Amino acid sequence: MHTLYRHCRFLLSTTQLQNAPPDRGFEVAFAGRSNAGKSSAINLITGQKNLARVSKTPGRTQALNFFGLDDQRRLVDLPGYGYAEVPSQVQQAWRHLLETYLSGRECLRGVFLVMDIRHPLTGFDRLMIDWCRHFHLPVHIALTKADKLSRGAALATERKLGQELARLYGDDLGVQLLSVPQRTGVAQAQARLNRWLELR
């Protein structure tokens, strides 16, 4: 693990892009359906248990949450999408915030798309991939909660999703397994982030 991940710290939370850190350096965003495990993925990758706030209530992350690795590199926890019990007005506000961030953030180098391995590639996930492709943003997919399936079933789901993504989008989307209890996939996730963040 690069030492910068261990030193990652919370910077700020905002629902207004104009309040975000200056648009320079390198940023990687973590996106995903509500309750897919974005915050847990950030905590696992940084080796910090309580860096990103983990909630049992889907839809809790309603803002852009910025975490700094150093003065030039940041991770961003985006609002979870697709949770039905959130009022439609709030969902519209989230969608606008996501689209504005993805389309206008010059320092954004890629999107780490988190999916629950038991419910991969929902309509909302497809929409996020379509947005990213429209804005020419690379996407890497992490299938979280891999420990909820047997090893064989998890690998089969990873392979099947990779084939489906290749059929739909071509071969430019990476897919991996990620598990907090088993610490599966940490090195692979960090390797992808290292490239996007230009960490040596």
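**Briefing: cysteines and an open sheet**

The count of disulfides here is 0, a disulfide being a pair of cysteine sulfur atoms within 2.5 Å. This is a predicted model, in which local features need pLDDT of at least 70, side-chain atom pairs count only at pLDDT 80 or more, and totals for chains, interfaces and linings use all residues. Residues are numbered from 1 along each chain as its sequence is written, and side-chain values use heavy atoms, with hydrogens and water left out.

**Cysteines**

- Cys 107 is in no disulfide, and the nearest cysteine sulfur, that of Cys 8, is 14 Å away.
- Cys 107 counts as buried because its relative accessibility is 2%; buried means under 20% relative accessible area, exposed over 50%, and partly exposed in between (1.4 Å probe, protein chains only).
- Cys 132 is also in no disulfide, and its nearest cysteine sulfur, that of Cys 107, is 14 Å away.
- With 1% relative accessibility, Cys 132 counts as buried.

**The sheet**

- Strands are DSSP runs of E with at least two residues, numbered from the N terminus, and two strands pair if DSSP finds at least two bridges between them.
- An open sheet of 7 strands follows the order β1-β3-β4-β2-β5-β6-β7, and its pairing is mixed.
- At the edges are β1 (9-14) and β7 (174-177), each of which pairs on one side only.
- Neighbouring strands of this sheet are turned by 25° against each other on average, direction ignored; the axes are lines fitted to C-alpha atoms, and angles run from 0 to 180 degrees between N-to-C directions.

**Strands β6 and β7**

- Strand β6 (residues 139-144) runs parallel to β7, and 4 bridges join them.
- Opposite Val 175 in β7 stands Ile 141.
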